[in-house]
Amino acid sequence: MVCKFRWTLLVIALTSVDTIPAVSGAEETSDIKSGERKMSTIQLANWIDATFAETWRASQVVPPDVVDDATFLKRAYLDLSGTVPAVSDAREFFEYAGDHKRYSLIDRLMNDTRRPQKHAERTAAHWATIWRRMMVPGNSPEAQAAVGLEPWLKEQFAANLPYDELVRKLVTAKSEVQVAMTVANARLGIRTGGPAMYFQLVGGKPESAASSVTRMFLGVRIGCAECHNHPFADWKQKDFWGMAAFFSGIRNGQVMDSLQVTIRPENSDVDYAAFFLGGEKPKFASGKTPRETLADWMVSPSNPHFAATVVNRVWLHLVGRGLTDSVDDLDKSTAAERRILDDLARLFIESRYDMRWLITGICKSQVYQRHCIARDDGAGEPPPGMRIVKTLTPEQVFNSLEQALLLPVAKADRSARYNGLRDELISRMNEAASNNPEEFRAGIPQALLLMNGRLTTEATDLEQSRTLRGVIDAPFLDREQKLDTLYLAVFSRVPRVDEKQFLLDHISKQSDNEQQKRAYAEIFWALLNSPEFVLEK
């Protein structure tokens, strides 16, 4: 009977991931225009909304409505902090009656350093994880060791270091000035390191450095041109090795500088001279290394790919789709496809590469706050600016479990962060997860892992679960309030009328207090194992 009820609840949850289809029609007008340098984050949000309103109007597309407060709350927390909110934070947000409550939430998550929440620190840590996964994909062999990059990345995001300076640090990093490496996870042998660790992770050779840097920071994949001319793009073998020559000092995992500006591939008798992607010949100034010269060219405002690539990556994470078809194939996009991206990239340059400004402005826009649209297979790409359901990253899933279950976090408590459970969960999820948040079917294997996982099994045990004990044993909560609290802990919303009635009826049918407690545990299990928990609407 218990098993049957669990699956009944799960079927209900499976049907609750709602999307709103995009429909044709007219869109309201707006006279918002680009402001002065530098725009405020609200001005940036208004610019984004006006730009897309014009695009949708020209295409006769009516966008979905803006989401309700509960959906926005969960979305903002997951995208910025990498976790669902605490029940107390959710209640506080819903009860807040002041103006601009959504703006205030975004500003708090991005900037508030006060204890105990330390929102800004958590946001910096989450964006370090997101950027690390972009630099070294989560399903690559080096993904586990790449976690060691996160402390350095977190420092840069916490300081809001201008993005051009962050990339300059990465591109010109050297082993001899690498920060002292410390043990991040002794059980897995993971060590932390500075920016030079990036080159070691991606292969420790000139060719691997050129391929990774060009993809990550310029949005261009030239790896196929290493051994022959690129079969699907205009890049030639000399383009690839021209970029690789800048990294000729990286050998055998040692990240050093070399004044040599040519490179000869293994098993070849051809020397390739360093030149910038696209054919421009570099001018090597006295006292500057080849990688410093490359960094100057990469982060220049005149470079058509640098600012556009980071804006595209930020948009991809926040909205679920880039502003072009592929963030790694920017060179294949037409001028028409890049119009909005390039305009937003210019504003980002004018902000002096302010990542916090960019992220905040996007999140304050109504474009960010609209409902997801349904996407049918074979129906083509959705209109620009429309978001679809995103799957959570493995780290977001664990962080949300940790919050919803009120798991201990201290090392002394042998918490999941330190006893191997977190690493095991993330490692298994990485095997099924996609590097593209659009591919939300990856959320289904994640849900299956949770369903059979030790964390959720123990967390729904009446003797071990902190959340369940706190809810069930609270004398000041009636049945309806207990249900509300469980839903807030997992979904960041209260149950809908039909959900609440169904579950209250089930609880009331239980013969005694112990049976009712078990019913709450079954409800909690079903919520944790619902697709709604591992998907972001």
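A salt bridge is a side-chain nitrogen of Lys or Arg within 4 Å of a carboxyl oxygen of Asp or Glu. I start with that term and with one pair that fits it: the side chains of Asp296 and Lys288 meet in a salt bridge at 2.3 Å, N to O.

**Entry 1: ground rules.** The model is predicted, so I note that local features need pLDDT of at least 70, that side-chain atom pairs count only at pLDDT 80 or more, and that totals for chains, interfaces and linings use all residues. Residues are numbered from 1 along each chain as its sequence is written, and side-chain values use heavy atoms, with hydrogens and water left out.

**Entry 2: the chain as a whole.** I looked up the secondary structure and found 26 helices and ten strands. Both are DSSP runs numbered from the N terminus: helices are H or I with at least four residues, strands are E with at least two. Next I looked up burial. Buried means under 20% relative accessible area, exposed means over 50%, and partly exposed lies in between, with a 1.4 Å probe and protein chains only. Of the 537 residues of the chain, 54% count as buried. I then turned to contacts, meaning heavy atoms within 4.5 Å. Among the contacts in the chain with a separation of 6 or more, 70% are between residues 24 or more positions apart.

**Entry 3: salt bridges.** How many salt bridges are there by this rule? I get a count of 31.

I went back to the pair from the start. Asp296 is partly exposed at 27% relative accessible area, and Lys288 is partly exposed too, at 35%. After this pair I noted a network: salt bridges that share partners join Arg493, Arg496, Asp498, Glu499 and Glu532.

Asp69 forms a salt bridge with Lys101, and their closest N and O atoms are 3.2 Å apart. Asp69 lies in helix α3 (residues 69-80) and Lys101 in helix α5, so the pair ties together parts that are 32 residues apart in sequence. I also checked how open each partner is: Asp69 is partly exposed at 24%, while Lys101 counts as buried at 15%.

Glu395 forms a salt bridge with Arg132, with 3.0 Å between the closest N and O atoms. This pair links distant parts of the chain, since Glu395 is in helix α18 (residues 394-404) and Arg132 in helix α6, 263 residues apart. Are these two partners buried or exposed? Glu395 is buried at 6% relative accessibility, and Arg132 is buried at 2%.

**Entry 4: Ser365.** I found Ser365 in the loop between α16 (355-364) and α17 (366-369). Its relative accessible area is 0%, so Ser365 counts as buried. Which residues does Ser365 touch, not counting those up to four places away in sequence? I list Ala45, Ile48 and Asp49. The side chain of Ser365 also reaches the backbone nitrogen of Tyr368 at 3.2 Å. I file this as a polar contact, which is a pair of N or O atoms within 3.5 Å; within protein, one must be able to donate a hydrogen and the other to accept it, and residues adjacent in sequence count only if both atoms are side-chain atoms.

**Entry 5: backbone angles.** The peptide bond from Arg115 to Pro116 is cis, with omega near 5 degrees. Pro116 has its place in the loop between α5 (101-111) and α6 (119-135). Lys118 is found in the loop between α5 and α6 as well. Phi of Lys118 is near 50 degrees, a positive value in a residue other than glycine. Lys118 is partly exposed at 23% relative accessibility.

Gln60 also has a positive phi, near 55 degrees, and is not a glycine. I place Gln60 in the loop between α2 (41-58) and β2 (61-62). Gln60 is exposed, at 55% relative accessible area.

**Entry 6: cavities.** Searching the whole structure gives three cavities of 30 Å³ or more. On a 1 Å grid over the protein atoms alone, a cavity is a set of points where a 1.4 Å probe fits but cannot get out, and lining residues have an atom within 4 Å of a point. Grid points are joined across faces, edges and corners, and a volume is the space filled by probe spheres set on the points. The largest cavity has a volume of about 60 Å³. Its lining includes Tyr77, Ser81, Asp89, His119, Arg122 and Gln403. I sorted the lining into four nonpolar, four polar and two charged residues. Ala, Val, Leu, Ile, Met, Phe, Trp, Tyr, Cys and Pro count as nonpolar, Asp, Glu, Lys and Arg as charged, and the others, Gly among them, as polar.

Notes. 1 Å grid on protein atoms, 1.4 Å probe; cavity = no way out; pocket = protein on both sides within 12 Å on 5 of 7 lines; lining within 4 Å.
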